[in-house]
Structures are given as structure tokens and as C-alpha cells.
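User: I would like to learn how to read the sheets, pockets and domains of a protein model. Could you take me through one case, step by step?

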Amino acid sequence: MHTSKHTRRSLLACAATTAFASSIRPALAAPKTIVWWYEGATAAQQAALTNYLTEPFNASQSDYKLVIEWRGNALPDQLLVALAGGQGPDIVLTNGPSWTQRFVSGNKLLDLNPFAQKFGWKEKLAPIVIQLGSYDGKLIALPKTIETQALFYNQTLFKKNSWTPPNDLTETEKLADTMLKAGIQPFAAGNAGQRFANRHLLGICYNNYCSPELVYKALSGEMPWNAPVFVEAVELLRSWWDKGYFGGQKYFSLNMNQSFALLAAGKAGMAMQGTWVFQWMPDTFEKTKQEMGVAALPQLSPKAPYPIFVLGIGADLAINAASQVAEGCAMVLDRLIDYSFVEKMSQVWEGEWNIPFAKPAPPVATTDPVQAEAAKLRAGLSEAMISGRYGYAPWTFWPSKTDDYMKGGVEEVWLKQITPKQFSDKVNDTFQQELKDGVVKKPPPRG
């Protein structure tokens, strides 16, 4: 049996070395924390982000530890206060370009160009979204979610009544009037706690009545927002409100999720909503055991093409300029721009992880009807981005003050406090001032 011999000095030296090593090991091994403030999510959605992002990222390296804090609906206001004071999370999640722009002038967000070059983001993502995230040559934000809008309808109800989704204005109003006579709300809609939902409807009228080409001209400063065609679009939306197509005063007492439950229950027939509704499907249509259908939004005048896929960015990802872990943040963002990650997340959290890749994602075989419909919309939007058949979402392309005014101003039109012309005049005045101030980001040329 071999035994080692140690002198008292060697034992003391060994003990000292061990003590020194143990004293420095935690400092060397402790990962730096990356904080990401996120909005609200269900328990299942939070678990999915933990399983597919947080845990794999933290296990893949020892330099950083990603921590997600769930902030709910208060996130936008919390970001405004925190970033203004040089504080806040390392990874910044905004409600899209109109919100991101608020932080650009104050240099609150980091230029991502060095990381884009390192990780090849400009090759991975569609050129148009790189342009939308760039300001004065700096890449400030990456899109987390591209969105489009569609006509969702209760297919069970439609089959029962032999209805078909409307393609144009005449068909839309005829069907809506028929539904009203039957005691069915034509369009499920609501804005309780979500005033931004108002301009979802306004954006549809601008694009599908006036045409994306004219909207582009107005956004480029080549045409005023109080031109007759834009006033007509607001008048159309007001006439629908007056007829009760959106449920009258009920609109103000329900949020978008709650109103969508009316559609699943057959109490409403249609909804002009965005791809974000796919995340609500498990809590709506599965409960009522009714079928959902999806169609293109109707053409509201001969001036507009058909179909139109409105292009919107529902969320932007950026890095806080004050962050001390920018490299780690970029590593996290790079994990989000990955086909396999998006595929996994979409199976649990459909509608919120539509990364606009430069090349279409590989087709995913699925028997799930909701995922199949979502995949069709993603494909339609991708094709529209390439061909130039896309429209403009207000929350993505309008400057912040104009966007803010539209949210509340259109309510004043509905409540007959102002006329469509007065509303349009105010939209134009606000936009022209922002144009003069140099904060209007001209949209990329149409393809």
C-alpha cells in the first residue's frame, strides 16, 4: 500500500493554495447576469421560453446567465422611465418600430452593426426589416415578430348558415347586416386597456380602401393625410361603427382576447385581427369545440388590390446602451434568429415568434389546423414582402406622435366629437410636424 509523506510546511502550503483557489473560484466562475424584461405570458408560454431558450442558453456557456422578468402590460411605460434614467434591462423589448423610435434620439439603444457582422444577421433576416430597424446607418433593432392581419371567422357558424367569407365591400356589408338581423355581432372587437386596438381597424381601412400605394405616398410626405381618399376611409370606418358592426359600447368593455372569445362562441361572426390571435386559440376555439376559418381581408374599394397582406412588426429587440453585458445579449438574440427555435416556440406560442427570415423557413408538417393556418399566413406575408403586395401597419410605419393621436382620435370620430375631416386634418398636422422635426422614417421603396 502506497502512502504519501507530507511535511508540516507542505501541508500548510497545500492548505493555503486550496484556500486561495477556493476564494477566487466563485469570482471566476460566477456568470454575468443578462436581464430581459418581457411582457405578459401564460404559464405554458413562460415554460416554453424557459425550456427552449433560457435553460439551453445558460447551459451552453458559463460566462452569462439569462434571466427573464415578466412585467405584463406595464412594460412599455416601465421602459420609458427606466431607459430615460440610464437604467432598465439589458435586452429591450419594444412594441415595434414606432416605440423603438422613442429611444433612438436619446441614444438609449446600442448600435447592433458589429454584432450583425459577427453573427451574419443581415444575411439571415429579410432586407426590408433590416432597413426598418436601421436609423442613420445604425442597426438599432431586430424584429422579434412580424405580423399581418386577416379575416378570422367562425367556420361552424358560416357552415350552419351557408355563408362565405366576403371578398369586397358590398359582400362585407351585406353579410354584416344579415348577422345583425340574426342577433350576431358582425366583428368581434374590443379595446379595454388596449386603446392601440383602435388603429388596427383604422390601418385596415387605410390600406384596403385607399391602397398601399397611396399610404406609401403619404408616409413618404408626398401626399397629405387629409386628402379626400383618406377622409373617405375614416368615414367608412365611422359608418361601420354607427351600424353596430363592432358591438357598440361593448367595444370599450372587452379587450381583444375577450372579444375573440365571442367569435369562438358564435356570438360574433368575424374578426379583423392580426396573427397574434393564434396564441389565444387554445383558450377559445378548443373550449367551444367550434371551427375557426381564416381568409384574406376584403377589398374595400377598387382602388386597392386584392389580397393585401399588411406588414407589421409587433415587437422589436434591442440592447440597452447602458448594458455591461452587450456581447451576451447579442448571443441571446442570435439564438432567437434560428429556425429550430422558432419551430419549437410556434408549437406552443403561435403568433408571437414569426421571425422574418431572408429565406422561407423549411415547411413544417402538421396536422394541427391552427398551426397550418398560421403557416399559410406567414407564407403569404413572406411572398407579399418579396413581390411588393404588402400594406402598412400603423404601429410599424407611422411616427410615434401621429400613431398616438390616431389611437384616441378615431374614438372621438366614433363618439361624434369630431368629424372624419377634422380627424384627418389633425393626423396630417401631427405627421407634417414630425416630418419637419426629422423623426419620420420613410418606408423602403416598394418592390
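Analyst: Please keep in mind that this is a predicted model. We can begin with a sheet: strands of a sheet pair through backbone hydrogen bonds, either parallel or antiparallel. Here, four strands form an open sheet in the order E8-E9-E7-E10, and the pairing is mixed.

User: Which strands stand at the edges of this sheet?

Analyst: The edges are held by strand E8 (185-187) and strand E10 (292-295), and because each has a single partner strand, one side of each is left without a neighbour in the sheet. From one strand to the next, the twist averages 25 degrees.

User: In which sense do E7 and E10 pair, and over how many bridges?

Analyst: Strand E7, which covers residues 149-154, pairs with E10 in the antiparallel sense, over four bridges. To find the register, you can start from Asn154, which stands opposite Met292 in E10.

User: Which helix packs on the sheet, and which strands does that helix touch?

Analyst: Helix H13 packs on the sheet, where it touches E7, E8 and strand E9 (268-274), and the direction of H13 makes about 140 degrees with that of E9. H13 itself spans residues 256-264, and we shall meet this helix again, since it is among the elements that each supply at least two residues of the lining of the largest pocket.

User: Then let us turn to that pocket; what is its volume?

Analyst: The volume of the largest pocket is about 1,100 Å³. Its lining has 37 residues, of which Glu39, Asn73, Gln194, Phe196 and Met256 are the closest to the centre. Besides H13, the elements that each give at least two residues to this lining include helix H3 (75-84), helix H10 (198-210), strand E11 (309-319) and helix H19 (400-414). Sorted by class, the lining has 13 nonpolar, 15 polar and nine charged residues.

User: How does this pocket relate to the domains, and why?

Analyst: The protein is divided into domain 1, with residues 31-146 + 311-385, and domain 2, with residues 149-308 + 398-436. Both domains give residues to the lining of the largest pocket, so the pocket lies between them. The C-alpha centres of domain 1 and domain 2 are 27 Å apart, while 14 residues of domain 1 are in contact with 14 residues of domain 2.

User: How many cavities of 30 Å³ or more does the structure hold?

Analyst: There are four cavities of 30 Å³ or more, and the largest cavity contains about 100 Å³ of space. It is lined by 13 residues, and those closest to its centre are Pro97, Thr396, Phe397, Trp398 and Lys441. Two elements, H4 and helix H18 (394-397), give two or more residues to this lining, and H4 gives the most, with three residues.

User: What classes of residue line the largest cavity, and what classes line the second largest cavity?

Analyst: For the largest cavity, the lining comprises eight nonpolar, three polar and two charged residues. The second largest cavity, with a volume of about 80 Å³, has nine nonpolar, three polar and no charged residues in its lining. H10 and E9 each supply at least two residues of that lining, and the lining residues include Phe187, His200, Phe246, Met256 and Met272. Met256 is worth selecting in your viewer, since this residue lines the second largest cavity and is also one of the residues closest to the centre of the largest pocket.

Definitions and conventions
Residues are numbered from 1 along each chain as its sequence is written. This is a predicted model: local features need pLDDT of at least 70, side-chain atom pairs count only at pLDDT 80 or more; totals for chains, interfaces and linings use all residues. Side-chain values use heavy atoms; hydrogens and water are left out. On a 1 Å grid over the protein atoms alone, a cavity is a set of points where a 1.4 Å probe fits but cannot get out, and a pocket is an open set with protein on both sides within 12 Å along at least five of seven lines; lining residues have an atom within 4 Å of a point. Grid points are joined across faces, edges and corners, and a volume is the space filled by probe spheres set on the points. Ala, Val, Leu, Ile, Met, Phe, Trp, Tyr, Cys and Pro count as nonpolar, Asp, Glu, Lys and Arg as charged, and the others, Gly among them, as polar. Domain bounds come from an automatic or database domain assignment. Two strands pair if DSSP finds at least two bridges between them. Axes are lines fitted to C-alpha atoms, for helices over the stretch in contact, and angles run from 0 to 180 degrees between N-to-C directions. Contact means heavy atoms within 4.5 Å.
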